[in-house]
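Visitor: I'd like a close look at one part of this model, please. Could you pick a loop and walk me through what surrounds it, step by step?

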Amino acid sequence: MKLAEALQQRADLNIKISELRHRLSFNLVVQEGEKPAEDPKDLINELNSSFEQLEQLIKKINLTNCNTLVDGKSLTEWIAEKDCLRTRIDAYRDIVSKASNLCGRMTRTEIKYLPTVDARDIQKTVDTLSAKLRKVDNLIQQTNWSTDI
């Protein structure tokens with residue numbers, strides 16, 4: 001199995017667990033004299049089995065990420081770089097948005113607001129970081145589809 005397939009399977013298991021929890025919540029309490037639509041014990045057993053599968057899969061994914069080297073870095077390091085780039089880009093986009101949002105004055109007596117940073121320069125940084133993020137993400141995706149777990 002390729003790493004990308006394992007990641008898809010992990011996502012599917014997370015959805016299944018969420019659905020099982022939802023189904024379970026509807027079958028935990030019933031009106032006196034009624035039976036639940038599904039047996040809660042069976043749902044709990046299926047939930048536990050899904051958690052065990054998920055745990056084993058996460059362990060395999062994490063070990064693969066740690067042991068897979070690409071351009072001198074582990075896949076775990078690339079993922080950390082990607083996550084930080086994404087967070088950094090979001091922060092800079094907030095700065096650009098706030099520095100660009102200058103409210104127009106309706107009258108001369110209203111207070112005039114001026115930006116304290118150059119939004120264009122920061123937008124250039126966002127563009128550069130976004131390009132780097134795309135390259136890192138492409139590298140990770142390519143590795144995910146070529147690496148066996």
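Guide: Let's start with D118, which lies in the loop between α3 and α4. Keep in mind that this is a predicted model. Is D118 buried or exposed, or something in between? Its relative accessibility is 39%, and buried means under 20% while exposed means over 50%, so D118 counts as partly exposed. Now look for V96: D118 and V96 are 22 residues apart in sequence, yet their C-alpha atoms are 8.3 Å apart in space.

Next, take the two helices on either side of that loop. Helix α3 covers residues 75-100 and helix α4 covers residues 119-146. How do they pack? Their axes are 9 Å apart, and the angle between them is about 155 degrees. Anything over 145 degrees counts as roughly antiparallel, and therefore α3 and α4 get that description. As for handedness, α3 passes α4 in a left-handed crossing. If you sort the residues of this contact by class, you get 17 nonpolar, 7 polar and 7 charged.

Now step back along the chain to another loop, the one between β1 (69-70) and β2 (73-74), where you'll find D71. D71 isn't a glycine, but it has a positive phi of about 50 degrees. Its relative accessible area is 67%, so D71 is exposed. While you're there, find K73 and W78: the charged end of K73 sits over the ring of W78, 4.1 Å from the ring's centre. And what about rings pairing with rings, how many aromatic pairs does the structure hold? The count is 0.

Let's finish with the other helix pair, α1 (residues 3-27) and α2. Helix α2 spans residues 40-67. The angle between α1 and α2 is about 155 degrees, with their axes 9 Å apart. That angle is why α1 is roughly antiparallel to α2. The crossing of α1 and α2 is left-handed. Their contact divides into 16 nonpolar, 7 polar and 5 charged residues.

Two residues of α2 are worth a click. One is S50, which is found in helix α2. With 0% relative accessibility, S50 counts as buried. S50 and L20 are 30 residues apart in sequence, but 9.3 Å apart in space from C-alpha to C-alpha. The other is I44, also placed in helix α2. I44 has a relative accessible area of 35%, so it is partly exposed. Its partner to look for is R21: the two are 23 residues apart in sequence and 8.6 Å apart in space, again C-alpha to C-alpha.

Note on methods: Residues are numbered from 1 along each chain as its sequence is written. This is a predicted model: local features need pLDDT of at least 70, side-chain atom pairs count only at pLDDT 80 or more; totals for chains, interfaces and linings use all residues. Side-chain values use heavy atoms; hydrogens and water are left out. Axes are lines fitted to C-alpha atoms, for helices over the stretch in contact, and angles run from 0 to 180 degrees between N-to-C directions. Helices (H or I, at least four residues) and strands (E, at least two) are DSSP runs, numbered from the N terminus. Angles under 35 degrees count as roughly parallel, over 145 as roughly antiparallel, 65 to 115 as roughly perpendicular and the rest as oblique. A crossing is left-handed if the near helix is turned anticlockwise from the far one by less than a right angle, and right-handed if clockwise. Ala, Val, Leu, Ile, Met, Phe, Trp, Tyr, Cys and Pro count as nonpolar, Asp, Glu, Lys and Arg as charged, and the others, Gly among them, as polar. Rings of Phe, Tyr and Trp (its six-membered ring) pair if their centres lie within 6.5 Å; planes under 30 degrees apart count as stacked, over 60 as edge-to-face and the rest as tilted. A charge sits over a ring if NZ of Lys or CZ of Arg is within 6 Å of the ring centre and within 35 degrees of the ring normal. Buried means under 20% relative accessible area, exposed over 50%, partly exposed in between (1.4 Å probe, protein chains only).
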